[in-house]
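User: Please take a close look at one part of this model for me. I want the central sheet, and then what packs and loops around it.

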Amino acid sequence: MPDSKHFAPPGPIGFGGAPLGNMFEEVPDDVAEATLSAAWDAGIRYFDTAPEYGPGISEHRFGHVLRNRPRDDFVLSTKVGRLLRADSSKGGKHGPFVKGLPFRVDYDYTADGVRRSIEDSLQRLGMARIDIAYIHDCAEDAHGDRWLEVFNTAMTGAAVALTKLREEGVIRGWGLGVNRVEPCVMALERADPDVFLLAGRYSLLNQPALDTLFPRCQERGVHVVVGGPYNSGLIAGGKTFEYQEAPPDKVAARDRLAEIAKRHGVDLRAAALQFCAAHPVVASVIPGTKNPPRVHENMALMKQPIPADFWRELKQAGVLPEQAPTPA
């Protein structure tokens with residue numbers, strides 16, 4: 001990555017906050033606290049959360065642990081684009097999040113909405129500042145046929161407000177937090193983002209960002225945080241891909257990867273993390289974690305030696321593109 005004026009979080013591994021918003025299953029408060037403390041003790045210094053995760057639970061939990069740490073020693077990101085409104089009829093399931101808090105989640109990508117979102121997040125976190133604000137889910141998977149209209153609102157509202165907040169020193173950087181490549185490419189054309197949090201679009205199973213987004217990021221000195229390095233669990237041996245039951249073709253692709261990994265004595269999870277981190281635009285990889293042992297496991301996996309023959313076979317077999325960077 002060339003020298004860049006754009007702010008980036010530390011890597012190679014960070015902490016993704018969706019699981020601690022009770023994603024798929026309830027996480028007890030004491031386990032969430034122990035997990036975040038384990039991440040800190042393991043040396044992780046980048047933490048990402050969002051109002052939607054819970055909704056609100058993840059931010060509360062991050063604040064409970066991190067506000068007791070030296071504020072200048074870590075980087076914290078959260079997201080804008082959704083506001084939480086008190087609603088006593090809520091509190092059950094919200095998307096993939098179970099046992100949520102009693103709030104309705106409303107989209108708001110306007111400049112005023114962004115300012116309120118950040119202020120609300122600071123209140124939930126119990127902190128005086130965040131470092132990075134990501135415009136959350138201004139993409140087709142969240143908004144369907146209306147996504148271009150929504151994206152335009154985000155660019156004329158949220159992006160303008162976040163650029164001003166960066167200039168004022170309120171935040172250190174901003175970008176998009178999305179599951180699609182297209183809005184990131186378009187944001188580079190229309191604004192001056194610092195970093196993208198891109199989930200599930202650069203992994204052992206899926207690399208649409210490789211030839212479309214990443215070269216543009218390199219030209220602009222913009223960074224990428226890779227979310228979903230396990231594709232919401234499939235690569236790690238789970239059954240979900242993009243937060244839903246994995247389709248047969250993706251299961252077959254995972255099984256092929258696992259077969260090659262087994263021949264080389266490689267843990268596929270280690271390969272997944274290290275592949276994502278190997279690209280020069282990638283600042284950090286943030287696997288989701290729900291318990292302390294998994295934190296330490298992910299740290300060990302990121303350092304696990306992987307033979308060059310493994311990567312060579314993946315490319316020779318057409319599993320990975322030839323131009324994809326792999327670990328040294």
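Analyst: What follows starts at the sheet and works outward to the core, the helices and the loops.

The model is predicted, so every value here is computed from predicted coordinates. UniProt, in an unreviewed entry, lists residues 12–316 as "domain: NADP-dependent oxidoreductase". That span is 43% helix and 17% strand. Its end C-alpha atoms lie 27 Å apart.

Start with the sheet. It is open and has eight strands, paired in parallel. The order is β1-β2-β3-β6-β7-β8-β9-β12. β1 (15–16) and β12 (282–286) are the edge strands, and each pairs on one side only. Strands in a sheet pair through backbone hydrogen bonds, either parallel or antiparallel. At the β12 edge, the partner is β9 (residues 223–227). Four bridges join these two parallel strands. Within that pair, V224 of β9 stands opposite V282 in β12.

Now the packing. The largest nonpolar core has 91 residues. Those with the most contacts inside it are F47, I135, L162, L176, L204 and L213. Helix α5 (residues 147–167) gives the largest share of this core, ten residues. Another core lies apart from it, with nine residues, among them Y46, I132, Y134 and V225. Nonpolar side chains tend to be buried together in soluble globular proteins.

I135 is a good place to see the large core in detail. Its contacts beyond four places in sequence include A154, M155, A158, A159 and L162. Another run of its contacts is W174, G175, L176, G177 and V178. V80 and Y109 also touch I135. Two of these partners, L162 and L176, are themselves on the list of residues with the most contacts in the core.

Next, the helices. α3 (residues 111–125) has 15 residues. From first C-alpha to last it reaches 21 Å, close to the 21 Å expected at 1.5 Å a residue. Its buried residues are G113, V114, S117, I118, S121, L122, R124 and L125. The cover over them includes α2 (57–66), β3 (75–80), β4 (82–86), β6 (132–136) and α5. Just after α3, G126 takes a positive phi of about 70°.

Helix α6 (residues 182–190) buries P183, C184, V185, A187 and L188. Among the elements covering these are α5, β7 (173–178) and β8. α7 and α8 (214–220) also contribute to that cover. α5 thus appears in the cover of α3 and in that of α6.

Now the loops, beginning with the one after β6. D137 lies between β6 and α4 (140–143). Its phi is near 60°, a positive value in a residue other than glycine. D137 counts as buried because its relative accessibility is 9%, below the 20% cut-off.

Move to the loop between β8 (195–199) and α7 (209–212), where N206 sits. N206 is buried, with a relative accessible area of 15%. Its side chain reaches the backbone oxygen of G200 at 3.0 Å. Beyond four places in sequence, N206 touches G200, R201, N231, E242 and K250.

The loop between β9 and β10 (240–241) holds S232. S232 is not a glycine, yet its phi is positive, at about 55°. At 18% relative accessibility, S232 also counts as buried.

H279 is in the loop between α10 (268–278) and the edge strand β12. Its relative accessible area is 5%, so H279 is buried. Its contacts beyond four places in sequence are Y202, L210, F214, Q218 and P325. G157 is 122 residues from H279 along the chain, and their C-alpha atoms are separated by 31 Å.

Finally, two cis peptide bonds deserve a check in the viewer. One runs from G11 to P12, with omega near 5°. P12 is in the segment before β1. Another joins G54 and P55, with omega of about -15°. P55 is in the loop between β2 (46–48) and α2.

Definitions and conventions: Residues are numbered from 1 along each chain as its sequence is written. This is a predicted model: local features need pLDDT of at least 70, side-chain atom pairs count only at pLDDT 80 or more; totals for chains, interfaces and linings use all residues. Side-chain values use heavy atoms; hydrogens and water are left out. A nonpolar core is a set of buried Ala, Val, Leu, Ile, Met, Phe, Trp, Tyr and Cys residues joined through side-chain atoms within 4.5 Å. Buried means under 20% relative accessible area, exposed over 50%, partly exposed in between (1.4 Å probe, protein chains only). Contact means heavy atoms within 4.5 Å. A polar contact is a pair of N or O atoms within 3.5 Å; within protein, one must be able to donate a hydrogen and the other to accept it, and residues adjacent in sequence count only if both atoms are side-chain atoms. UniProt positions are given in the numbering used here, feature names are shortened, and annotations may be inferred rather than shown by experiment. Two strands pair if DSSP finds at least two bridges between them. The expected span of a helix is 1.5 Å times one less than its number of residues.
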